[in-house]
Amino acid sequence: MPMELTQSRIQKIWLPNDNRPALPRRSCGPQLANSPTVIVMVGLPARGKTYISKKLTRYLNWIGVPTKVFNVGEYRREAVKHYSSYDFFRPDNEEAMKVRRQCALAALRDVKLYLTEEAGQIAVFDATNTTRERRGMILNFAKENGFKVFFIESVCNDPTVVASNVREVKLSSPDYRDCNSTDAMEDFMKRINCYQASYQPLDPDDYDRELSLIKVIDVGRRFLVNRVQDHIQSRIVYYLMNIHVQPRTIYLCRHGESEFNLKGKIGGDSGLSNRGKKFARALNKFVEEQNLKDLKVWTSQLKRTIQTAEALQLPYEQWKALNEIDAGVCEEMTYEEIREQHPEEFALRDQDKYYYRYPSGESYQDLVQRLEPVIMELERQENVLVICHQAVMRCLLAYFLDKSADEMPYLKCPLHTVLKLTPVAYGCRVESISLNIEAVNTHRDRPEEGKKGPNPLMRRNSVTPLASPEPTKKPRINSFEEHVAVSSALPGCVPQEVPSQLPGQPLLGKACLRPVCHFLKVFSLLIFPR
């Protein structure tokens, strides 16, 4: 007998019509039928592993796959309050080796907790994992718990790139808080040598031929992929083959004020108001002042963004994916008209703005899926100006700033303001630039009843400098300080207790990824047609 179905009022999707309790909403993206996955980073220090971990986690969370990074270095800093010198990482330092193993086991316990009890789908185990013995331990752990494993190895033998990464990332880490840069640099290079002696790279042609993995070689010059198991692993591979670390700037702005903006109407395809045209001319002057080389300009296929781009006197590319969120039956209506004609829909959207889908229209959740090819192409490009719409700009901004699904629909993206995004190692620096042209305010604040805080299942789990703060972390392991053989401190260092996380500590760095294969662009167009 066919099962009776009921349509969800918020998401407009069909659900079984029975009395079973509703399952918790695990994510805002694809529901994975496969086992949870542990992504295992592999590589010597200063090869961009943490950069890859954080950036990949930000992407997976944005598309709706709950993901969290477990950095074993943080566990080590909690266990050993004072880092003395590279001697701690010497393979013949037995006491330190015990501590490091205990830290890895503590991180794996938290991985298990996250994937089995906290609705996580992917855990990123961020450590060097340079020996087959350590990787074997992780594989046994995953097998015992029914988790899939995917290895990401970053290999970089260019001494210039490694030295640059050490200077930009490692010297600002808590380990070297009170060291001068020369001594810290010398110590870290010796730390790398400690790992180098026992490093066993992944061997997909022989020893590791049964493992699922990708090797990122020499800043993305080459990629080696082996035994991809499922859809999510293929998306991870595709993402990693598109990101790069070249200096660049991304500019996001909305179209100039439109005639519908003046009337308070949403959606539609109206042209620019007089003030909107004035903004377009001001944007042209702003772009000229930036003096950017090979600036790409992207617009939606709607009239107001195209009119704005025309004033720039530059080539531009139209993306249908950048069109404003489809309001369905509410297109070309004011919020007051929606409240009067569709009172239930108006109330439902205020209850859950991210998941709410307009009748015959879209939700923010739908918009994120639509914008994924735009994100992929943005990651491939260098300097880009995206002229788009309020909901679209919120989704793009949420990706770069690692904002949660709960925060995304309420990000402020005013008219006639340019957001200048400069990607940095573990996040993105944002500068808001008003072009001083008056415009209406189209922002609607979160209703008071919705300001109680985000659903914990919808929180982002990655951490970047501009991400929303996580709750205070509880101690994960007991101190192993008593087990560590005290060695002499570095010259130029003042021994102090180092906290596991420094408030406001900038996270700087450079990764080892830069796509160079031309076929990827063709491949992307096949997968993500514009």
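**Exercise 1. Count the aromatic pairs in the whole structure, then follow those of Tyr83.**

Solution. A search of the whole structure finds 14 aromatic pairs. Rings of Phe, Tyr and Trp (its six-membered ring) pair if their centres lie within 6.5 Å; planes under 30 degrees apart count as stacked, over 60 as edge-to-face and the rest as tilted. The model is predicted: local features need pLDDT of at least 70 and side-chain atom pairs count only at pLDDT 80 or more, while totals for chains, interfaces and linings use all residues. Residues are numbered from 1 along each chain as its sequence is written, and side-chain values use heavy atoms, with hydrogens and water left out.

Step 1. Tyr83 and Phe89 form a tilted pair, with 6.1 Å from centre to centre and 45° between the planes. Tyr83 has 7% relative accessibility and counts as buried; Phe89, at 5%, is buried too. Buried means under 20% relative accessible area, exposed over 50%, and partly exposed in between (1.4 Å probe, protein chains only).

Step 2. The ring centres of Tyr83 and Tyr176 are 5.6 Å apart and the planes stand at 80°, so this pair is edge-to-face. Tyr83 lies in the loop between α2 (72-79) and α3 (94-117), and Tyr176 in the loop between α5 (159-168) and α6 (181-196), so the pair ties together parts that are 93 residues apart in sequence. Helices (H or I, at least four residues) and strands (E, at least two) are DSSP runs, numbered from the N terminus.

Step 3. Tyr83 and Tyr176 belong to one aromatic cluster with Phe88, Phe89, Phe188 and Tyr195.

**Exercise 2. State the strand order of the six-stranded open sheet and find its edges.**

Solution. Step 1. The order is β4-β5-β3-β6-β7-β8, with mixed pairing. Two strands pair if DSSP finds at least two bridges between them.

Step 2. β4 (67-71) and β8 (222-226) are the edge strands; each has a single partner strand, so one side of each is left without a neighbour in the sheet. From one strand to the next, the twist averages 15°. The angles run from 0 to 180 degrees between N-to-C directions, and axes are lines fitted to C-alpha atoms, for helices over the stretch in contact.

Step 3. β7 (residues 213-217) runs antiparallel to β8 and is joined to it by five bridges. Ile214 stands opposite Val225 in β8.

**Exercise 3. Is β3 buried or exposed, and which strands does it pair with?**

Solution. Step 1. Six of the six residues of β3 are buried, so the strand is largely enclosed by the rest of the structure. Thr37, Ile39 and Met41 point one way, and Val38, Val40 and Val42 the other.

Step 2. β3 pairs with β5 in the parallel sense over four bridges, and Thr37 has Ile122 as its bridge partner in β5. β3 also runs parallel to β6, joined by six bridges; here Val42 stands opposite Glu153.

**Exercise 4. Which strands do helices α3 and α7 meet, and at what angles?**

Solution. Step 1. Helix α3 lies across β3 (37-42), β4 and β5 (122-126), running at about 170° to β5.

Step 2. Helix α7 (residues 231-240) packs on the sheet and touches β3, β5, β6 (148-155), β7 and β8; its direction makes about 15° with that of β6. Contact means heavy atoms within 4.5 Å.
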